[in-house]
Structure formats: C-alpha cells, structure tokens
Amino acid sequence: MKKKEKDILSTGVVLVVFCIIFTLISMLLQPKYMTELEEGSFISQYYREAGGHDVIFLGDCEVYANYSPMELYRDYGITAYIRGTPQQLVWMSYYVAEETFRYETPRVLVFNVNAMRYSEPVSEAYNRLTIDQMRWSGSKAGMILASMTEEEQFLSYVFPILRYHSRFDQLTQEDFTWLFRVRDNTFNGFHLHTEIIPAGALPAERVLPDYQFGDICFEYLDKLRLLCGENGTELILVKAPSLYPYWYKEYDAQIREYASEYGLSYYNFAELTEDIGLDFSEDTYDGGYHLNLSGAVKLSRYFGSILTEGHGLTDHRQDPEIASVYNEKLQIYDKTIEERIREQEDEKDR
Amino acid sequence: MKRIGKALFLWGIVAVLTACGQEGAPALAQNINIGADSAGNTAGGDSKEASTEASDQEPSGEDGVFRFAYEGAMLTPGEPVDLSGLPKYSDVAEVPSCAFGGNDKIYNFKTFELTAYFDADEERIYSIYFIDPNLPTTEGLRLGDTVDDMKSFYGDSYETEGASYIYTRGETLLILITNKDIVTSIEYRLNK
C-alpha cells in the first residue's frame, strides 16, 4: 500500500473512531426520560408504532392524559395514536403533524386547542421534552427554529453534548440502562393514571388584559389545516374537559368562529362534562387539571361515538391482522391497570 | 494526520466554549412541572372573617417596594408568608407554578387571593390578587375605579402592555388591568 493510501486510510479510521466516541458520549449525556420526566420520551415511542392509525391526536397534556386509544379500539374498533407532549405549542403540533404525514395518512387529525393561548415559547425545559427525542428531519429543524427561547442555540439540539456536558457528574443507572433502547410508558400515547385526587378549591378566574389569540397561533393553525387538506385528512378541534386553567368564553368564541369559517368540527368537552358523565370527585388524578383512567374511559367512549357516527370512522375489530395487534395491546393495558390499582390499594393498606 | 489532529483539537475548544455559553440556560428539571400531582386540596377556616379594611401600618413604597396592608398585616411580594396576622383563609388550591418549579399554593381570603411559591422549602409571597371590588390597595385604589383615579394614587411612571398598567418598585410590581378606562384587575406581584 502506498504511503498516501495509508494516510487516507488511517485518517478515515481516526475520523470514524472519533465520531463513534463522540456519538456515544453524546447519547450517554442526554436525559433518557425513562423514570424521571418520562413525558420526554413520548415523542420517540411513536416511531415503532407508526402507520395504520385512523386517528392521530395532537396537543399538550390535555391529549395524552385524557383520551385512551385502547378504549377507542375496545368500544369502536378505532385505531388511534396520541402524539401529545408536555406544553406542545401550536407550531410544535404543526411540525409533529408534518412529520406524522411522512409515516402515515390518518383519516382524522384531532388537535386540542388549549395551546392557542400561548403565543411564545414557554421554556427551554418544555422544548426539550418535545424536541430532544424527535427523529432528525426538516420537521424537527423547523420545530427547533420556531420554538427556541432567546437563550437557546440551534447547535445545542444538533449536538446535545453542548447542552448536557455538565451532566457528567449527574449520570445515574438510568443513563446506562436506557442508552440504546426506549421503554414504552404509554398505550398508543395515552399516559395512564389510576390515582384519584378529587377536584377541590380552584383559583379565582383571572381577568386578562387581552383574550385575543396571537397571530402566530392562527398562522400555524392555518398551516395545520392546509396540511390536513393537502393530505385528505379531516381536522377536528377539541378542548379537553379540564377545570383549570380556565378556558375563557372569549377563547371559545375565537375557536368557534375559526371552525365555522373553515367548516371544521369543534368539540368543547369542558361544556359537555354532564353529557360525558364526568364526576370530578373521582375522575381526575390531580384535582381537575387532567382526567384519570376512569375519566379518560368516559371521555373516550363519548368521543368514540362522535367519531364513529359523525365522522364515519371504520370499526376494525373484525380485521384479523389489526385485531391480533390490538387484542395483545389490550391484554397488556388491562393487566397494567390491574397492577396499578392493586399497588395503590396495597399502599392504602400500609 | 497532524492537520486532522489540529482540526479536532480546535473543534473541541470551540465546542467547549459554545457549551459554556449555555451555562446561563435554565436548569431543565427545575423548570418543569408536568401537571400537578396534588392539586385542588381545600382547607377550611372560619376563625376570623376576611374584611375589606385596609391597615394603618407603614404605607406601601416607603422602602422602595409595593406592600399590601391588610388588617394589621403587611404583605410584600418576595417575603415569607406569615399567616398569623391574617384572617383564616377559606380555601387553598395548589396549581403548577407559573414562574418557578413545583406547585404554587393559592390561599383564598375571600376578598383577595395570595399566591405563595416555595423557595428552599420556605413559602414566599408571589402575588396578591384582588377579588372584592370594595377592597382598597394600601393607597386606596379599588376595582371599578378609573384610570384617572389610578394616576392620582400612583402617578404617571408606569409601563403599559395593551390594557395593562404596570408600576415597578424594586422587585415588586403593581399590575392594573383596565377595560374602557375602568380598573378591572389589581395584582401585586413579584417581578420574576
């Protein structure tokens, strides 16, 4: 081998070794979101499940806590996945939708409108929970650029080691255990809570200086609507039935007007709690901010009926291939619920 | 090879310098509060009814901060919560903190709400939000008063954000929201 060829070969080897070590260190230092802040791993759990869903939910905690795709399948044979993440802002939902359409074309996309109240990024911490574990694509780059706070740098998302280098002395067993894999801690995106903390006192409804949603929120809602239109997907707007933070009538009016203007369906479930059968003394795990399992079952049954009767979704329970997958999921889901309830009862007895 | 070595070395330095620029970024876990694990708990109280009488203690602003004087107690955003001088609250709610990690506690005194945050396990006052239109600020402003009344009490040194008028004293704010020149919201708040 000539000297020049040797040089090229050794240079290549050095570069490859460097890249491997750099990538490994970077992966090690990134938070794994498996036992702490597990909501940060929701976005990545989708990729193994991508494809074949009739319904995709987008939005913040008001989707992943309040709707159970398992119940939608059990009662109506609807295949659904929740691509919700904490504090998912409107532009984030748009980019998650854009990414989702690369994997599948759902018949219905359900967008929870709670995030319309935020026209600025809330914090880097929340950004990270949605962005860090998203696969690289133009959608991820777009989301980063749209979401960054002033203190953040794009490069720190490209090279997470720039952001997390100081975690060297905070590494735990979790960082090694989950270095190369992700554990599912949702059921098609549904975050299961079986605890009950009844709704009690709530803060007074604050007067706001301005109830008008920001232009940027409408801009991205427009983009989401057009994206759905291009893909032949129906966009449905929903507001989850939380007691707090307040969903002001001025907010509601703007969404109603928007839905009416573009012929979209909008369901404000906060106004339908009686019809749904929700009882906030037992159907919430945190005093009325989110539903627990019993609340999510009620809401999913109610919404499933709307999706089937009003939006023509197909019952897949007679499809052997789908039934086989979902029956297995349901078994795990039901077993997990039993275990959680047993653990809670054991804890009470102690 | 030497060139590559140099390039990698330089890249390393750039990376470290860039990373150091991130030190000021918020600590991640401390700033996240996903839903409230405990919320909406209530605690009753009936020993002393809340009223709308302002205190005659040291007036607000003498030491460069806004203070809310109420029935002999002086409430200052940023200072520790001392409930001993106040009437018993009627309810307390816990909500995810807007400005800090963890939960805020919101004490309802019927005429106003006091929001407390936790600083190293110590409860401190974040804000005081007026509910009762008869409750005056330390200087005498009430819900329903006009913008002219507001200016006569607090002067013209304010900032505006839409329909909000914001007065600043030290680390404290007095935030007044108006609708058609009528004060519809009064809140003392820590500037954080």
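Student: What makes E7(B) and strand E8 (residues 164–169) of chain B a pair of strands?

Tutor: They are joined in the antiparallel sense over three bridges, and two strands pair if DSSP finds at least two bridges between them, so the requirement is met. One of the bridges sets Thr160(B) against Tyr165(B) in E8(B). The names follow DSSP runs, with helices being H or I of at least four residues and strands E of at least two, numbered from the N terminus.

This is a predicted model, in which local features need pLDDT of at least 70 and side-chain atom pairs count only at pLDDT 80 or more, while totals for chains, interfaces and linings use all residues. Residues are numbered from 1 along each chain as its sequence is written, and chains are lettered from A and ligands numbered from 1 in the order in which they are written.

Student: Why are strand E3 (91–96) and strand E7 (159–161) of chain B said to stand at the edges?

Tutor: The open sheet has eight strands in the order E3-E4-E5-E6-E10-E9-E8-E7 (chain B), with antiparallel pairing. E3 and E7 of chain B each have a single partner strand, so one side of each is left without a neighbour in the sheet.

Student: How do you know that helix H2 (residues 147–154) of chain B packs on the sheet?

Tutor: H2 touches E8, strand E9 (172–179) and strand E10 (182–190) of chain B, where contact requires C-beta atoms, placed from the backbone, to lie within 7 Å. The direction of H2 makes about 160 degrees with that of E9(B), on a scale from 0 to 180 degrees between the N-to-C directions of lines fitted to C-alpha atoms, for helices over the stretch in contact.

Student: Why does Ser90(B) count as partly exposed rather than buried?

Tutor: A residue is buried if 20 or more other C-beta atoms, placed from the backbone, lie within 10 Å of its own, exposed if 12 or fewer, and partly exposed in between. Ser90(B) has 17 such neighbours, so the intermediate class applies. This residue lies in the loop between strand E2 (73–75) and E3 of chain B.

Student: What makes H5(A) mostly covered?

Tutor: By the criterion for burial, 10 of its 14 residues are buried, among them Trp91(A), Tyr94(A) and Glu99(A).

Student: How do you know that the span of helix H5 (residues 90–103) of chain A is close to what is expected?

Tutor: The expected span is 1.5 Å times one less than the number of residues, and for the 14 residues of H5(A) the expectation is 20 Å, against a reach of 20 Å from first C-alpha to last.

Methods
Two residues are in contact if their C-beta atoms, placed from the backbone, lie within 7 Å.
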